[in-house]
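Biologist: I should like a close look at a single part of this structure, with its surroundings described in one connected account. Please take one helix as the starting point and proceed outward from there.

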Amino acid sequence: AELHFPVGGVVAQLQGRATVVKAVDGVTFELRRGESVGLLGESGCGKTSTGRMLVRLDKATGGRVEFDGEDVSGLTGDALKRFRSRVQLIFQNPFEALNPRFTIRDVLAEPLENARIPRAEHEERILRAMALVKLGDAGQFMDRYPHQLSGGQLQRIVMARALILEPEFVVADEPVSMLDVSVRAGVLNVFRDVRAQQGITAIYISHDLALVRYVCERTIVMYLGRIVEDGPTEDIVANPLHPYTQALVAAVPVPHPDQSHAPLPIGRGAPDPRNPPSGCTFRDRCPRAFDRCAVEAPGPTHVQNRIVHCHLHEPKT
Ligand code: SF4
């Protein structure tokens, strides 16, 4: 049966000393089984909070996160365990993700133990997961410790650990941002190929359009905790509709995973999320802002095969 992962009206509130900051505000989207979707935006735009809520590492304080028809926000005990065995998060920093006292064999056996997979099956499943991430001679790595591996090798182990329970849904949070540029393409290729071969539904979180373009057929662009544009990646790159997406695309003239991008052509960073502008939260950086943008937040508008949140694209009345 077709699996859907609709996420609706999610609100994460980060408790500051005196203020409550909405990390994500009314983010609504639906993933279809087998899709690879990029969550794209600058740091602080809420993409990591969204990813963590999708796999229930963080709990949404409002709205719903549905997985296969079930709201996972309220799951506890065995139901939460069962859900967690079907989803995985790949962390940004492979140097911190693995227990330094565990050998690679122990690292990969841990999720199998937690899922009560019989010991007799461990070796075969560990070898299979290592083959998936193309680490070469698995025997050479099994009894090593994380500090004996390079960053690229570690991130492949992190991926093998995430894949060993054959998840249906994976969230990868900037998985190559801590790696040398020279090994990024190899790790990305593994992620892209395994995802496609295994039919895994994936969210790829990044601030870098070139990386998202390399891995994802669909892109959701976020700005200050909200979605601004959602549609097929190649269409977004060829013809970005939202002024923020236009700035992101202009900063990556020839997208390639090894390439660093130019500064955004919209000046300084995003405003303080504790004090967002009224109306459209992008308006103080938007080269096309007009009077209405200060008083009214734009809602979603369907344009061709996309959803855009910008007054410029609303139907004329
Ligand atoms: Fe710019 Fe106004 Fe569109 Fe916001 S709604 S992106 S400020 S034109």
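**A covered helix and its surroundings**

Modeller: In this predicted model, helix α1, which spans residues 47-54, is mostly covered, with 8 of its 8 residues buried. Those buried residues are Lys47, Thr48, Ser49, Thr50, Gly51, Arg52, Met53 and Leu54. Just after α1, Arg56 adopts a positive phi of about 60°.

The start of the helix leads to a wider set of contacts. Lys47 is among the residues touched by Met222, leaving aside neighbours up to four places away in sequence. Met222 also touches Cys45 and Gly46, as well as Leu39, Leu40 and Gly41, and its remaining partners are Ile227 and Val228.

Two of these partners, Leu39 and Leu40, belong to strand β3, which covers residues 36-40. In β3, 5 of the 5 residues are buried, so the strand is largely enclosed by the rest of the structure. Ser36, Gly38 and Leu40 point one way from β3, whereas Val37 and Leu39 point the other way, and all are buried.

Strand β3 has pairing partners as well. With strand β8 (residues 201-206) β3 runs parallel, and 5 bridges join the two. Within that pairing, Gly38 has Tyr204 of β8 as its bridge partner. With strand β9 (residues 218-223) the pairing is again in the parallel sense, over 4 bridges. Here Leu39 stands opposite Ile220 of β9.

Met222 also has a place in the largest nonpolar core, which holds 73 residues. Met222, together with Met159, Ala160 and Tyr223, touches the most other members of that core. Helix α7 (residues 151-163) supplies the largest share of the core, 7 residues. In soluble globular proteins, nonpolar side chains tend to be buried together.

The ligand offers a further point of reference. It is surrounded by 13 residues, of which Cys280, Arg283, Cys286, Cys293 and Cys310 are the closest. The shell around the ligand consists of 9 nonpolar, 2 polar and 2 charged residues.

As for the chain as a whole, the protein contains 11 helices and 12 strands. Of its 317 residues, 42% are buried. Among contacts between residues at least 6 apart in sequence, 65% join residues at least 24 apart. The contact of Met222 with Lys47 links strand β9 to helix α1.

Definitions and conventions. Residues are numbered from 1 along each chain as its sequence is written. This is a predicted model: local features need pLDDT of at least 70, side-chain atom pairs count only at pLDDT 80 or more; totals for chains, interfaces and linings use all residues. A residue is near a molecule or strand if its C-beta atom, placed from the backbone, lies within 6 Å of it. Ala, Val, Leu, Ile, Met, Phe, Trp, Tyr, Cys and Pro count as nonpolar, Asp, Glu, Lys and Arg as charged, and the others, Gly among them, as polar. A nonpolar core is a set of buried Ala, Val, Leu, Ile, Met, Phe, Trp, Tyr and Cys residues joined through C-beta atoms within 7 Å. A residue is buried if 20 or more other C-beta atoms lie within 10 Å of its own, exposed if 12 or fewer, and partly exposed in between; C-beta atoms are placed from the backbone. Two residues are in contact if their C-beta atoms, placed from the backbone, lie within 7 Å. Two strands pair if DSSP finds at least two bridges between them.
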